[in-house]
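Colleague: Could you walk me through one part of this model in some detail? I'd like to hear about the nonpolar core and the loops around its strands.

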Amino acid sequence: QLQASGGGLVQAGGSLRLSCAASGRSSSAYSMGWFRQAPGKEREFVTAISRSGGSKNYADSVKGRFTISRDNARKILYLQMNILKPEDTAVYYCAASTRPWTHNADEYDYWGQGTQVTVSS
């Protein structure tokens, strides 16, 4: 089970940190990712991290602004979001995959409930 939190309302240029707490099986058994879905749009890949945390991948739209990290001992996944833009407004979802880290949503097995991020201009 995945529980995302940390969303909220922030002005453009601001920062937020999302967290995703995992319960059950050791989180190090899964690669993890963040996806987002804006109103009227399809869910899109944001970033992913390997089981160990040693490999990461980012969508071009967030590269240099967002940072994914994980604490396997505490079973928590993080997404540090800096220099937020209005176009970052979306519901953000964390997800876990038994496959090697991937940008493909279809390859994720477990999903959190989502947390709303709203960036005002």
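Modeller: Here is a look at the core, followed by three loop residues. Bear in mind that this is a predicted model.

Let's start inside. The largest nonpolar core has 32 residues, and those with the most contacts inside it are M32, W34, F66, L77, L79, M81 and Y92. At least two residues of this core come from each of β1 (2-5), β3 (16-22), β4 (31-37), β5 (44-49), β7, β8 (76-81), β9 (90-97) and β11 (115-120). β9 gives the largest share, five residues. In soluble globular proteins, nonpolar side chains tend to be buried together.

L79 is a handy one to zoom in on. Outside its neighbours within four places in sequence, L79 is in contact with L16, R17, L18, W34, V46, T47, F66, T67, I68 and Y92.

Now for the loops. R65 sits in the one between β6 (56-58) and β7 (66-71). R65 counts as buried because its relative accessibility is 9%, under the 20% cut-off. Again setting aside neighbours within four places in sequence, its contacts are Q80, M81, N82, I83, L84, K85 and D88.

One of those contacts, I83, belongs to the loop between β8 and β9. I83 isn't a glycine, yet its phi is positive, about 50°. Its relative accessibility is 49%, so I83 counts as partly exposed.

K75, in the loop between β7 and β8, also isn't a glycine and has a positive phi, about 60°. With a relative accessible area of 25%, K75 is partly exposed. As background, most residues other than glycine have a negative phi.

Technical notes
Residues are numbered from 1 along each chain as its sequence is written. This is a predicted model: local features need pLDDT of at least 70, side-chain atom pairs count only at pLDDT 80 or more; totals for chains, interfaces and linings use all residues. Side-chain values use heavy atoms; hydrogens and water are left out. Helices (H or I, at least four residues) and strands (E, at least two) are DSSP runs, numbered from the N terminus. Buried means under 20% relative accessible area, exposed over 50%, partly exposed in between (1.4 Å probe, protein chains only). Contact means heavy atoms within 4.5 Å. A nonpolar core is a set of buried Ala, Val, Leu, Ile, Met, Phe, Trp, Tyr and Cys residues joined through side-chain atoms within 4.5 Å.
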